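Student: I would like to take a close look at a single part of this model and follow it outward into its surroundings. Could you take me through it carefully, in one connected account?

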Amino acid sequence: MKRVLDEDLIYEVLSVVGEIPEGCVATYGQIARLIGREKNARLVGKVLSMAEFYGKYPCHRVVNHAGRLAPGWSEQADLLHNEGISLKDENHVDLRRYQWEE
């Protein structure tokens, strides 16, 4: 049986994350769709939780389907703010304004 999280898949996800332009955000589901796994948004989240072991990627530019920031990652809001992304409340990005049009 093939492991779900092999290195090819990890680098495929991280490659898409690396393409998100500064000043934009993408959703976990959007990334899953771009790699041909539209039902695997949680898998994308799992990969991003391990991204630090694979290099430097702009994981702070990824939010959930409602624009919510990652729970427990207080630095995410600051990183987005430094790129010119303002939050519509303390935990959400306005996806209509900042979502990446890939």
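Which are the buried residues of α1?

Tutor: This is a predicted model, and the account that follows should be read with that in mind. The buried residues of α1 are Leu 9, Ile 10, Val 13, Leu 14, Val 16 and Val 17. Seen down the axis of the helix, these buried residues fall within an arc of 155°, so they line one face of α1. As to the helix itself, its 13 residues should span 18 Å at 1.5 Å a residue, and the C-alpha atoms at its ends are indeed 18 Å apart, so expectation and model agree. The cover over the buried residues of α1 includes α2, α3 and β2.

The buried face leads on to the nonpolar interior. The largest nonpolar core has 22 residues, and those that touch the most other members are Val 13, Leu 14, Val 17, Ile 20, Ile 31 and Leu 48. Two or more residues of this core come from each of α1, α2 and α3, and α1 gives the most, with six residues. Val 13 offers a detailed view of the packing: leaving aside residues up to four places away in sequence, Val 13 touches Ile 31, Ile 35, Val 44, Val 47 and Leu 48. Another core, of eight residues, lies apart from the one just described, and among its members are Val 25, Leu 80, Ile 85 and Tyr 98.

Not every residue of α1 is buried, and Tyr 11 is a case in point: with a relative accessible area of 38%, Tyr 11 is partly exposed, because that value lies between the 20% and 50% limits. Tyr 11 also takes part in an aromatic pair, and the count of such pairs comes to one. The partner is Tyr 54; the two ring centres are 5.3 Å apart and the planes stand at 90°, so the pair is edge-to-face. Tyr 11 belongs to helix α1, residues 7-19, whereas Tyr 54 sits in the loop between α3 and β2, so that this pair links distant parts of the chain, 43 residues apart.

Beyond α1, the charged side chains supply further links, for the structure holds two salt bridges. In one of them the side chains of Arg 33 and Glu 102 meet, at 3.2 Å from N to O. Arg 33 lies in helix α2 and Glu 102 in the segment after α5 (95-98), and these distant parts of the chain are 69 residues apart. Arg 33 is partly exposed, with a relative accessible area of 44%, and Glu 102, at 44% relative accessibility, likewise counts as partly exposed.

Arg 61 forms a salt bridge with Glu 83, and here the closest N and O atoms are 2.8 Å apart. Because Arg 61 lies in the loop between α3 and β2 while Glu 83 lies in the loop between α4 (75-82) and β3 (87-89), the pair ties together parts that are 22 residues apart in sequence. Arg 61 is buried, with a relative accessible area of 10%, and Glu 83 also counts as buried, at 15% relative accessibility.

Finally, Val 17 of the buried face can be set beside Arg 37, which lies in the loop between α2 (28-34) and α3 (41-49). Arg 37 and Val 17 are 20 residues apart in sequence, and their C-alpha atoms are 15 Å apart in space. Arg 37 is partly exposed, with a relative accessible area of 30%, whereas Val 17 is one of the buried residues of α1.

Key:
Residues are numbered from 1 along each chain as its sequence is written. This is a predicted model: local features need pLDDT of at least 70, side-chain atom pairs count only at pLDDT 80 or more; totals for chains, interfaces and linings use all residues. Side-chain values use heavy atoms; hydrogens and water are left out. Helices (H or I, at least four residues) and strands (E, at least two) are DSSP runs, numbered from the N terminus. Buried means under 20% relative accessible area, exposed over 50%, partly exposed in between (1.4 Å probe, protein chains only). Rings of Phe, Tyr and Trp (its six-membered ring) pair if their centres lie within 6.5 Å; planes under 30 degrees apart count as stacked, over 60 as edge-to-face and the rest as tilted. A salt bridge is a side-chain nitrogen of Lys or Arg within 4 Å of a carboxyl oxygen of Asp or Glu. A nonpolar core is a set of buried Ala, Val, Leu, Ile, Met, Phe, Trp, Tyr and Cys residues joined through side-chain atoms within 4.5 Å. Contact means heavy atoms within 4.5 Å. The expected span of a helix is 1.5 Å times one less than its number of residues. The arc is that of the directions from the helix axis to the C-beta atoms.
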